[in-house]
Amino acid sequence: MRRVLALALTGAVMATAVTGAAQAAGNPDPVASFRVTPPEWRPCAGNGTECGSLRVPLDWANPGGARITVAVSRLKAADPAHRIGSLLFNPGGPGDPAAPYLKESADLMFPKDLRDRFDIVGVDARGVGDSVPVIACEKPTMDPKVTQFPRTRAEYDRLVAYNRDVGEGCRRATGPLIDHVDTVSVARDLEAVRIALGTEKVSWLGLSYGSLLGATYAQLYPDRVRAAVLDGAVDHTTRSRRMALDEARVEETVFGKFAAWCQSTEDCALRGKDIAAEYRALLDRASRAPIPAAGSPDGATVPQIAYAGYSLLALPRNWSTLATGLAKAIAPSPDAGLFAHPAASDPSYRAITCHDFPSDVRGYRDLLSRQEEIRRAAPITRGFVEAWDVQSGCLGWPIRAANPWGPTPVRGAPPLLVVSGKNDPATPYPWGVGLAAQIQGSKLLTWDGVGHTAWFNDPGTQAREVAYLLDPAR
């Protein structure tokens, strides 16, 4: 998801089900009747990546209406004589554009076997990256003065009012697109991309939120899928309370693994300290006054420290950075500069998540109960996880959710590979079990390491994903 995968190369009700059921019952697919014009490809990076764009309907329920532009990027197979086909890729978020991964990090992101055998295609989802228009808002999605963990009714009312103001500002800044950035709409855009590529079937690599997008595409277009890897699986049936609680429990476990790693690692900046006690004390001090931070006159607040800690914990390659940052923050002359960046989610993340994962909080007392529950589950890290930001940030959101909670049943597709980790704090293991149960004939690949997605954290599991994409029948 967004807070985590953005760091990866530097150190996801029934609307979906009803749509799929309607198609299965014989209702026409709006993409089938839409005239798709292939992109005009142009070189856009020194590594051979090409970029183009596709015009699609703003609202797939009205394919003859207004149009928007979806940006597409492509890195052609390096071994065209042995080319398998097109591999569509989504890095997660929601809201992460795909083009930068192709243009700037293709060698790191995609193993040579994939680059040799596939045209790797990235789509900047509608409203994201180089797609036009982009999702924009008039104010940050979070305000340091408006807590996401309200302890009084007045604080709760302030949070609801702030979120409503944010959403109304997003509508003014974005325009009518704001109503149509849900996952089902993006999946239909992907079908238009497939048609534009002139290929009968596509393969799919979806990470984190990209797993939900891939499953949704397979639900709507099962006969157009050759193979799909859904790594860091998202189960769209969890609902917001369990979603936050699942993440918080795993983050607490991963914090313990981080502390143990630090004690056994010679150059860890916190070695020899009671790391859990130091972290709790740091958050307690920040709750009284922001921690001084170089380059930030306002210092670092609890949400800034805790949300950044969550992101860094989720990728073990960043544990040394986290330890060094915490050591500086707890020093006699503290410097929490590592954490002094905005805690707010960006506009695209907030708008998309509120369409797909709307808050189901039933009032102040319900949210208070959820706080107490999550703090019991995570007394050290305190529940500052992505799903809490979604649950509290979508509370009072004024834009109707186009794809609310519900199953993503896939029938008639080839076996899809669902990949889930036992120690993934951003997409916990039960979500992989839940998603796999909704996909007929799916294979669940479990890995036992630590981190968000096997793709970024476990070379052995990544190799099995690549082998499946090369030969799904293997």
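Both Phe255 and Tyr279 are buried, and they make a good starting point for a look at the aromatic rings of this predicted model. The centres of these two rings are 5.2 Å apart and their planes meet at 40°, so the pair is tilted. Phe255 belongs to helix α8 (residues 239–263) and Tyr279 to helix α9 (residues 275–288), so the contact ties together parts that are 24 residues apart in sequence. The two rings also have further partners: Phe255, Phe258, Trp261, Tyr279 and Trp319 are linked into a cluster by ring pairs.

Looking beyond this cluster, the count for the model comes to 14 aromatic pairs. One of them joins Phe34 and Trp60 in an edge-to-face arrangement, with 5.5 Å from centre to centre and 80° between the planes. Here the partners come from distant parts of the chain, 26 residues apart. Phe34 is found in the loop between α2 (14–24) and β1 (42–43), whereas Trp60 is found in the loop between β2 (50–57) and β3 (67–75). Are these two loop residues buried or exposed? Phe34 has a relative accessibility of 9%, and because the cut-off for buried is under 20%, Phe34 counts as buried. Trp60, with a relative accessible area of 5%, is buried as well.

Aromatic rings in this model also meet charged side chains. The charged end of Arg375 is placed over the ring of Phe149, 4.5 Å from the ring's centre. A lysine provides another example: Lys422 lies over the face of Tyr429, at 5.1 Å from the centre of that ring.

Notes: Residues numbered from 1 in each chain as written. Predicted model: local features only at pLDDT ≥ 70, side-chain atom pairs only at ≥ 80, totals over all residues. Heavy atoms only, no water. Phe/Tyr/Trp six-rings, centres within 6.5 Å; stacked < 30°, edge-to-face > 60°. Helix = DSSP H or I, 4+ residues; strand = E, 2+ residues; numbered from the N terminus. Buried < 20%, exposed > 50% of the residue type's maximum accessible area, 1.4 Å probe, protein only. Lys NZ or Arg CZ within 6 Å of the ring centre and 35° of its normal.
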